[in-house]
Amino acid sequence: MDGRERRLQPRVEVKWPVTMLTSEGAIKGETKDISMQGAFIYCDKPLPLSERFVLSVKAPAASMQVMAQVVWASNSSSDRKNEPAGMGVRFIWS
């Protein structure tokens, strides 16, 4: 990795509760950051790469649901020092 930022939209650091609705059932998590294009979600067991699911986000002023797809995952806190497991997702707006 060359260290350059690849995101087209800046992310805002927020800790909002989320629920991922998957074929295996509902999985709870929490956002680390979010933008109009995607988010990083802390969760105990990240989903497989490319998996699509319905993401329900509970923000302070409102809740929203959007389709999302896993683009990368950190399966344990050892992958990133001092951070729990989680995954990066992109939103699918169409």
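Okay, one term before anything else: I'll call a residue buried under 20% relative accessible area, exposed over 50%, and partly exposed in between. And keep in mind that what you're looking at is a predicted model.

So, let's start with Arg-11. With a relative accessible area of 25%, Arg-11 falls in the in-between class, so partly exposed. Its partner is Asp-33: the two side chains meet in a salt bridge, at 3.1 Å from N to O. Arg-11 sits in the segment before strand 1, which is 12-13, while Asp-33 belongs to strand 3, residues 25-34, so the pair ties together parts that are 22 residues apart in sequence. And is Asp-33 buried or exposed? Buried, because its relative accessibility is 8%. If you're wondering how many salt bridges there are, the count comes to one.

Right, on to strand 7, residues 86-92. Six of its seven residues are buried, so strand 7 is largely enclosed by the rest of the structure. Which strands does it pair with? Let's take two of them. Strand 4, residues 38-42, runs antiparallel to strand 7, and five bridges join them. If you want a spot to click on there, try Ile-41, which stands opposite Met-87 of strand 7. Then there's strand 6, residues 63-74, also antiparallel to strand 7, with seven bridges between the two. Over there, look for Ala-68, whose bridge partner in strand 7 is Phe-91. As a general reminder while you're rotating this, side chains in a regular strand alternate between the two faces of the sheet.

Now go just past the end of that strand. Trp-93 is in the segment after strand 7. Trp-93 comes out at 52% relative accessibility, so here we're on the exposed side of the cut-off. Who joins Trp-93 in the nonpolar surface patch? That would be Met-36 and Met-64, and together the three make a patch of about 340 Å². So in one stretch of chain you go from a strand with six of seven residues buried to a tryptophan that counts as exposed.

Last stop, a backbone oddity. Ser-50 isn't a glycine, yet it has a positive phi, about 75°. Where is Ser-50? In the loop between strand 4 and strand 5, the latter being 52-58. Ser-50 has 48% relative accessibility, so it counts as partly exposed.

That's my tour; happy to pull any of these up on the screen.

Conventions: Residues numbered from 1 in each chain as written. Predicted model: local features only at pLDDT ≥ 70, side-chain atom pairs only at ≥ 80, totals over all residues. Heavy atoms only, no water. Patch = residues over 30% accessible without salt bridge, like charges linked within 9 Å, V, L, I, M, F, W, Y side chains within 5 Å. Areas by Shrake-Rupley, 256 points an atom, 1.4 Å probe, with all protein chains shown as cover. Salt bridge = Lys/Arg side-chain N within 4 Å of Asp/Glu carboxyl O. Helix = DSSP H or I, 4+ residues; strand = E, 2+ residues; numbered from the N terminus. Buried < 20%, exposed > 50% of the residue type's maximum accessible area, 1.4 Å probe, protein only. Pairing = 2+ DSSP bridges.
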